[in-house]
Amino acid sequence: MRHEFRVQVGPAAFRIGSDWRQPLDQMAALYNGYPTPEIPDFTVRLFARRFWRRFLRPSVMIGGDYMLPDAAPLSLAHGMLGAEMGMNLQMALGQRRYLLLHASAVERDGKALLMTGESGAGKSTLSALLGERGWRFMGDEFALVDLENGAIHPFPRLVSLKNEAISLFEDSVDASRLGPLMRDTPKGDIRHLRPPDDAVEKMHEPAHPALLLFPRFGHAPDIREIGQAEVFVRLTQASTNYVMLGEVGFDTLSRLVTTIPSRAVDYPDTESAVDSVERLWAELAA
Amino acid sequence: MSDAIFRADPPEARRMVMLDGVALIFHRPSGLTHIVAPPAPQILEALGEGDASPDTLLERLQRDYDFGAADDLAAALDARLAELETAGLVWRP
């Protein structure tokens, strides 16, 4: 690879190699202040589909230690998105030291709030918003559950703001924390947001989970209890490595489900969601 | 009721957690997680005494549990055994 960028995000060390400088420069700007690891755990590669494609209408292929055979090439303007997707993929397929839940996490008073749900449910936006409002942002994509003690380890990578969520932050955070606006990507419009400084400074400080929420955007406000068995099933579906971990995954997940309260939260807009989160936290976790 | 003999793995081959009245079972030999409702955990426990025909199994269950005046127990047990067999938690030796 002609160019390389290294970054430590929580317990995971990444090396991103690229045929082009631009995506790595964009990442270096947003990951400014993150540690630079000497020995990477995971490697991501952005490479040209054909040699001459590096110069003529470049299209970026994503590769790495773990690959999806049918990943489609992206345009160079979306190269940084490719690197972020590659980093997620390495974690999802290669991480064996933690139970990985597709969930966002924030922390307050040493306790973690987990939010999980389908793509588009708003867990990522909510975690980023709470991170600007007095909570410590721990991650918008993966919650890493410790296999021995059940603590949540932070994975505060860049937040990938999508579509309507972008405007929620454009006016309220420092412009240096926002990456380039990437239009019409396979996931719609995307703009990356650098997590707040305290999220980066405390990326090695785990927190014990205290509340699990299943937010759902676009519905009338409602809060429902969910049975533990259903929570367990939903979390096996939200985990990328539950099956691979075997019995230790079973033990870790059943401990999580039986030790913290869970609620489903429907919300019509983000302000309503923040209100519900604060209320439930005060009632069930504080 | 069939004349088949059924067998289950010994209790140490399973990790079981009860949640909301259902049982989560991690089956060590297969690495699979099952979610089963009563009386499936009780059937597995009763098979822990040894291989059994449905008749014998019903006797063991009636000894330990009060089924009241239900009259279709044999058919219900056959159905539950068939489900457990499909899941790979019991089999015919």
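In the predicted model, the contact between the two chains draws 11 residues from chain B and 13 residues from chain A. On the side of chain B that touches chain A, three strands give two or more residues each: β2 (14-19), β3 (22-27) and β4 (32-36) of chain B. Sorted by class, this side of chain B comprises 6 nonpolar, 2 polar and 3 charged residues.

A further contact lies within chain A, which is divided into domain 1 (3-94) and domain 2 (98-157 + 195-285). To this contact, domain 1 of chain A contributes 11 residues and domain 2 of chain A contributes 12 residues. On the side of domain 1 that touches domain 2, helix α2 (residues 79-94) of chain A supplies the largest share, namely 5 residues. The residues on this side of domain 1 of chain A fall into 7 nonpolar, 3 polar and 1 charged.

Chain A also contains an open sheet of 3 strands, arranged in the order β11-β13-β12 with antiparallel pairing. In general, the strands of a sheet pair through backbone hydrogen bonds, and the pairing may be either parallel or antiparallel. The edges of the sheet in chain A are formed by β11 (159-162) and β12 (182-185), each of which pairs on one side only. From one strand to the next, the twist averages 40 degrees. Strand β12 of chain A is joined to strand β13 (residues 188-193) of chain A in the antiparallel sense over 2 bridges. With regard to individual residues, Met182(A) stands opposite Ile190(A), which belongs to β13(A).

Conventions: Residues numbered from 1 in each chain as written. Chains lettered and ligands numbered in written order. Predicted model: local features only at pLDDT ≥ 70, side-chain atom pairs only at ≥ 80, totals over all residues. Domains from an automatic or database assignment. Contact = placed C-beta atoms within 7 Å. Helix = DSSP H or I, 4+ residues; strand = E, 2+ residues; numbered from the N terminus. Nonpolar A, V, L, I, M, F, W, Y, C, P; charged D, E, K, R; others polar. Pairing = 2+ DSSP bridges. Axes fitted to C-alpha atoms, helices over the stretch in contact; angles between N-to-C directions.
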